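Visitor: I would like to learn how to read a structure one feature at a time. Where do we begin?

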Amino acid sequence: MREKELRLALVCYGGISLAIYMHGVTKEVWHLVRASRAYHSGLTPGTKVEEVYVELFRLIEKTAHLKLRVLNDIIAGASAGGINGIFLAKAIASGQSLDPLTDMWLDNADVDKLLDPDARPMSSFTKFWAIPIAWLALSRRGGTVDRTVAAEGRDEVRSKLSRFVRARWFEPPFGGPVFTNMLLDAFDAMARSKTERRLLPAAQPLDLFVTVTDFAGHPETLRLHSPSHVIETEHRLTLSFTDRAGRGTHFEDIASLAFAARATASFPGAFPPLNVSEIDIVLADRGQTWPGRFEFLARSLPGVSSKAETAILIDGSVLANAPFGPAVEALRDRPSRREVDRRFVYIDPKPGMRSVRLTKKGKAELPGFFATIFGAMSDIPREQPIRDSLEAIEGRSSRIRRMQRIIDALRPDVESAIEVMFGRTFFLNNPTAARLKTWRNKAQERAARDAGYSYAAYGHAKLSHIVEEIAALAARQDPELRGHRFDTLRQSLWDEVRRRGADMITLGPGKGASPAAIQFFRAHDLRFRIRRLRFVLRAIDALQVDGRVAEDDVEPLRDAIFKLLSRYLDREGVGFYELLSHDNAAAMLDDIEAQRGLAQLDAEIDAEFAQALDNCPKSSRRTILYAYLGFPFYDLTTLPMLQGEGLDEFDPIKVDRISPEDATAIRKGVLETLKGIQLNSFGAFFSRSYRENDYLWGRLHGADRLFDIVISSSGIDPAEATALKRELLYAVLDEERPRLLHIPDLFETLQREIAAGPVAA
């Protein structure tokens, strides 16, 4: 029985009131990963929907002889998508329920509740002069309300639009503190919900990225030839949160999560910009504290916390509506327990809808004066294409496919070289810590000697990665280490490396790394050790895929290697280190070497690895040792080509979209399904029935597309699961019917459409 992980990196776009639709999709992601955990842990599924997903996993196991695990370990979002991403990540990291966010969207995402108290029309006489304007806008027969709102919802929308129009003008009508309190209430409700185990395996990290826009901007230094540097104002910011399952989590800092949610969704004109004082005041009024305040501001905003308090933040989707970049960067530190199918799944609630549209005659309609102004402020940045991001993902996947072919081609020669060096050694079947160290050094020396001229490029690539990572570690520890100060530190590190002779890596047979360079690598090359253990894990997975060894025979070895790997990974985190001396490069390098203690750690890991090998079957022991000892040969070839990406997730990436245009199990299209698209995507803020409609469609579209993604990863024929998909959609309806009381007719219609079968794609 093969094992495989379907890993989802979720990217959530902005969409104003279509946030409610996107919540329905992320709610379905939550149910899917909960069902996966239940299936693998032998737990009882929590809902009927999760029972159907478990049945799907069992069908895959029976049909494809595959045990598929689904997990969501990377989340990135902007604006409304950022809010949904934050709460989904919190639910995954904590095991808490996501239902409180559903209540927040349905009950509180309403203009009457979002209006700032100071902006509310207090009586019928408030802005009495605005009443004729509201009347003309809302009462005209055949107007916007009549054309876009169903008859049963027109009175509600008209009354709320009237109050909205008569709210304060020339200032954002929605209240920042009002929204912040709503977010904190939702987090509090999650904390009161039934808490289960974390929804990811123990060794699997969770990373969340949320984009915001720094309205005033912050200075960034650009290096030129002449002048030597210039200062540019940068407005893009990415707030990041990480959970390392026992090695530190940012998801316990509720105030920082609320800050990120409020900031990323500060839609220009609707919500006031956010600054730190708003969160401070709201927390003080609630009697709550912000224990992680300084650490969060220091790592998230430019400058020290005192300067960060003056930052003015607005909606994240103004400049980065599709934050693929941070999600791709997060792939670097993904441990791999088994075969991996990595998917980037992005949620686009209104694909293809652009600021310049066609007239009824089919001619291009140029935007007018106000349309141009408002488009420049919001529409155009929100609708920029994602081609560059997708091309970057495909470029990475292409490099990985090339690496796979290269390693497959090299394997016979590498194993032959290892066989020549160790194959006749009786003790190879009986590894000890001392023998592992001797064999490893011998293999590395042979790989360097055989590499000839190419070793110099490899050695200098390793050296460069080490120095740059040490400089980046210092910058993460000291947020003030930016611009010119950072460049000065990096140059000082290089000067010290050269002074020590660690850069003496020369061309030619019989040359290579100098003793000083070898010593430097032994003291600082953390990534090489991580890459080596991950390569061994892939060798174990290959044994299972080929059917040469059973899962139970190597699972203890795999678990042991992950524990060893975690000890190296600990040393990549900034929290591992005491304050480093950033003003003296020599002292800093010595300090890092002492705190890492890699020589001592290597000895301990050699002993534990030897013990773990001794407990695995002899038939596979030699193959695993060949991978471990042969790794320098592979690394010499692949590292320069991978440009530092390493062999973490050594699999191509596929990209899937979830939108109303892609889910065809019931009906297809944005206008055919969503109500919140009206009133320039503010529609769902004016009607409870609109919110219920969009939330339900989000769940249905999420179920439809996630089901397809799981099927495509399993390799089984989709026709074998048609009845099960229909059962899943019915289960969503049954689960939501008691909650969504304002759309009874839609439930009846959907029952019939599901029974009728999918629409034509």
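**Reading the strands, a helix pair and some single residues**

Guide: We can begin with a strand. β6 is mostly covered, with 8 of its 9 residues buried. Keep in mind that this is a predicted model.

Visitor: Which strands pair with β6, and in which sense?

Guide: To read pairing, look for the bridges on each side of a strand. β6 (residues 339-347) is joined to β1 by 9 bridges, and the two run parallel. With strand β9 (residues 653-658), β6 pairs in the parallel sense over 6 bridges.

Visitor: Which residues stand opposite each other along these strands?

Guide: Between β1 and β6, Lys 4 stands opposite Glu 339, and Val 11 has Tyr 346 as its bridge partner. Towards β9, Arg 343 stands opposite Lys 654.

Visitor: Is β1 enclosed or open, and what else does β1 pair with?

Guide: Burial is read residue by residue and then taken over the strand. In β1 (residues 2-12), 10 of the 11 residues are buried, so this strand is largely enclosed by the rest of the structure. β1 is also joined to strand β2 (residues 66-78) by 11 bridges, and these two strands run parallel. In that pairing, Ala 9 stands opposite Ile 74 of β2.

Visitor: What should I expect of side chains along a strand?

Guide: In a regular strand, side chains alternate between the two faces of the sheet. For a single case, take Asp 656, which is found in strand β9.

Visitor: Is Asp 656 buried or exposed?

Guide: Asp 656 has a relative accessible area of 14% and is therefore buried, the cut-off being under 20%.

Visitor: What surrounds Asp 656?

Guide: To read surroundings, set aside the neighbours within four places in sequence. Asp 656 is then in contact with Arg 343, Phe 344, Val 345 and Tyr 346, as well as Arg 705 and Ile 709. With Arg 343 there is a polar contact of 2.9 Å between the side chains.

Visitor: Where is Asp 207, and which side chain does Asp 207 meet in a polar contact?

Guide: Asp 207 lies in strand β3 (residues 206-223). A polar contact of 2.9 Å joins its side chain to that of Thr 242. The relative accessible area of Asp 207 is 5%, so Asp 207 is buried. Distance along the chain and distance in space are read separately: Asp 207 and Ala 9 are 198 residues apart along the chain, with their C-alpha atoms separated by 9.4 Å.

Visitor: How are two helices described where they meet?

Guide: Read the axes, then the handedness, then the residues. The axes of helix α4 (residues 99-108) and helix α9 (residues 176-192) come within 8 Å and cross at roughly 145 degrees. The crossing of α4 past α9 is right-handed. From α4, the contact is made by Pro 100, Met 104 and Asn 108; from α9, by Met 182, Leu 183, Ala 186, Ala 189 and Met 190.

Visitor: How many residues of each class does the contact of α4 with α9 have?

Guide: The contact of α4 with α9 has 7 nonpolar residues, 1 polar residue and no charged ones.

Visitor: What does the sign of phi tell me?

Guide: Most residues other than glycine have a negative phi. Against that background, His 65 has a positive phi of about 55 degrees although it is not a glycine. Ser 79 is another non-glycine residue with a positive phi, near 55 degrees.

Visitor: Where are His 65 and Ser 79, and is each buried or exposed?

Guide: His 65 is in the loop between α2 (48-64) and β2, and counts as exposed at 51% relative accessibility. Ser 79 is in the loop between β2 and α3 (80-94), and counts as buried at 3%.

Visitor: May we end with a helix residue? What does Phe 747 touch?

Guide: Phe 747 is found in helix α29 (residues 744-756). Not counting residues up to four places away in sequence, Phe 747 touches Leu 696, Leu 733, Glu 736, Arg 737 and Leu 740. Phe 747 and Arg 737 are 10 residues apart in sequence and 7.4 Å apart in space, C-alpha to C-alpha. Phe 747 is buried, with a relative accessible area of 1%.

Definitions and conventions: Residues numbered from 1 in each chain as written. Predicted model: local features only at pLDDT ≥ 70, side-chain atom pairs only at ≥ 80, totals over all residues. Heavy atoms only, no water. Axes fitted to C-alpha atoms, helices over the stretch in contact; angles between N-to-C directions. Helix = DSSP H or I, 4+ residues; strand = E, 2+ residues; numbered from the N terminus. Left-handed = near helix turned anticlockwise from the far one by under 90°. Contact = heavy atoms within 4.5 Å. Nonpolar A, V, L, I, M, F, W, Y, C, P; charged D, E, K, R; others polar. Buried < 20%, exposed > 50% of the residue type's maximum accessible area, 1.4 Å probe, protein only. Pairing = 2+ DSSP bridges. Polar contact = N/O pair within 3.5 Å; in protein donor to acceptor, adjacent residues only side chain to side chain.
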